[in-house]
Amino acid sequence: MNLKYQGKTKDVYSLSNNQVLLKFKDDVTGENGVFDPGANTVGLTIEGAGKSGLRMTKHFFEVIASKGIATHYVSADLDEVSMVVKEAVTFGKGLEVICRYRAVGSFLRRYGAYCQEGDKLDSLVEVTIKDDERGDPTISDDTLAMLGILSKEEYAILKEATKTICNIIKEELATKNLELYDIKLEFGRDAATNDIILIDEISGGNMRVYKDGQYITPLELEKAFLG
């Protein structure tokens with residue numbers, strides 16, 4: 001295996017047959033030692049976070065695949081804390097697609113003059129560009145098209161896929177009386193077919209989940225959801 005890229009929470013290795021291996025770390029994003037799924041920097045290291053994230057990711061990708069939705073997922077090895085996936089090409093330098101069900105986090109910081117914390121949102125989809133230097137700014141479909149990152153037709157596909165996938169995840173969590181407030185997904189193009197597919201991970205580190213109005217940390221979430 002050749003190391004291809006060292007990310008904040010995962011290292012990426014090249015494999016054969018248009019596949020790569022993702023090695024999950026115990027590092028999580030945040031600031032000043034406090035976890036924040038929307039942060040641009042590694043804020044702290046939590047023992048077991050990598051395996052916890054992989055367990056959640058494996059579960060959700062397998063559920064999503066069973067619904068006939070295209071993803072990069074191939075297999076996962078919990079002992080090695082790694083996942084084999086199809087190689088994918090990012091949109092531009094990378095996009096993050098957020099689906100919001102309640103007003104929290106950066107949404108509340110931006111629009112707090114118009115809403116209260118925890119106000120319900122109707123599967124609101126926002127897109128941000130990966131750019132640590134500029135704080136991962138939100139970007140509109142018009143701007144994505146103008147800059148040649150994503151066509152309006154592709155944006156519509158992404159938006160609809162996000163709502164479908166996030167509703168599946170929301171319903172899964174609800175079976176354990178857990179409420180999804182928001183979640184961050186990533187998409188790319190299958191390197192072999194050029195199809196738009198769901199990539200990256202789906203774990204507690206990518207979402208805010210509450211139970212009885214109380215926020216559940218990523219490790220607590222994995223235990224509450226998967227036991």
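In the predicted model, the axes of helix α1 (residues 49-66) and helix α5 (residues 218-226) come within 9 Å of each other and cross at roughly 45 degrees. Angles under 35 degrees count as roughly parallel and those from 65 to 115 degrees as roughly perpendicular, and α1 and α5 are therefore oblique to each other. The crossing in which α1 passes α5 is left-handed. On the side of α1, the contact is made by Ala49, Ser52, Arg55, Met56, His59 and Phe60, and on the side of α5 by Pro218, Leu219, Leu221, Glu222, Phe225 and Leu226.

Helix α1 also packs against α4, with the two axes 11 Å apart and at an angle of about 120 degrees, an arrangement that makes α1 oblique to α4. The contact between these two helices is made by His59, Phe60, Val63 and Ile64 of α1 together with Ile165, Ile168, Ile169, Glu172 and Leu173 of α4. In contrast to the left-handed crossing of α1 and α5, the crossing of α1 and α4 is right-handed. His59 and Phe60 are named in the contact with α5 and again in the contact with α4.

A further partner of α1 is an open sheet of 5 strands, in which the order is β1-β2-β3-β8-β7 and the pairing is antiparallel. The edges of this sheet are occupied by β1 (2-6) and β7 (73-77), each of which has a single partner strand, so that one side of each is left without a neighbour in the sheet. With direction ignored, neighbouring strands of the sheet are turned by 25 degrees against each other on average. Helix α1 packs on the sheet by touching β3, β7 and β8 (82-86), and the direction of the helix makes about 140 degrees with that of β7. Within the sheet, strand β2 (residues 10-14) and strand β3 (residues 19-24) run antiparallel and are joined by 5 bridges, with Asp11 having Lys23 in β3 as its bridge partner.

The loop between β7 and β8 holds Val81, a residue that is not a glycine and yet has a positive phi of about 50 degrees. The relative accessible area of Val81 is 16%, and because buried means under 20%, Val81 is classed as buried.

A separate open sheet comprises 3 strands in the order β5-β4-β6, again with antiparallel pairing. Its edge strands are β5 (34-35) and β6 (42-45), each of which pairs on one side only. Strand β4 (residues 27-31) runs antiparallel to β5, to which it is joined by 2 bridges, and Glu31 stands opposite Val34 in β5. The loop between β4 and β5 contains Gly33, which counts as partly exposed at 43% relative accessibility. When residues up to four places away in sequence are not counted, Gly33 touches Gly43 and Leu44. Gly33 and Thr45, which are 12 residues apart in sequence, have their C-alpha atoms 8.7 Å apart in space.

Strand β12 (residues 179-190) and strand β13 (residues 196-199) pair in the antiparallel sense over 4 bridges, and Phe187 stands opposite Leu198 in β13. The two strands form a hairpin with 5 residues between them, and Asn194 lies in the turn. Asn194, a residue other than glycine, has a positive phi near 75 degrees. At 52% relative accessibility, Asn194 counts as exposed, whereas Val81, the other loop residue described here with a positive phi, is buried.

The largest nonpolar core of the model has 44 residues, and those with the most contacts inside it are Ile169, Leu173, Ile183, Ile202 and Met207. Helix α4 (residues 152-174) gives the most to this core, with 7 residues. Ile169 and Leu173 are also named among the α4 residues in contact with α1. With neighbours within four places in sequence left aside, Ile183 is in contact with Val97, Ile98, Cys99, Cys166, Ile169, Ile202, Asn206 and Met207. Among these contacts of Ile183, Ile169, Ile202 and Met207 are themselves listed with the residues that have the most contacts inside the core.

Methods. Residues are numbered from 1 along each chain as its sequence is written. This is a predicted model: local features need pLDDT of at least 70, side-chain atom pairs count only at pLDDT 80 or more; totals for chains, interfaces and linings use all residues. Side-chain values use heavy atoms; hydrogens and water are left out. A nonpolar core is a set of buried Ala, Val, Leu, Ile, Met, Phe, Trp, Tyr and Cys residues joined through side-chain atoms within 4.5 Å. Buried means under 20% relative accessible area, exposed over 50%, partly exposed in between (1.4 Å probe, protein chains only). Contact means heavy atoms within 4.5 Å. Two strands pair if DSSP finds at least two bridges between them. Axes are lines fitted to C-alpha atoms, for helices over the stretch in contact, and angles run from 0 to 180 degrees between N-to-C directions. Angles under 35 degrees count as roughly parallel, over 145 as roughly antiparallel, 65 to 115 as roughly perpendicular and the rest as oblique. A crossing is left-handed if the near helix is turned anticlockwise from the far one by less than a right angle, and right-handed if clockwise.
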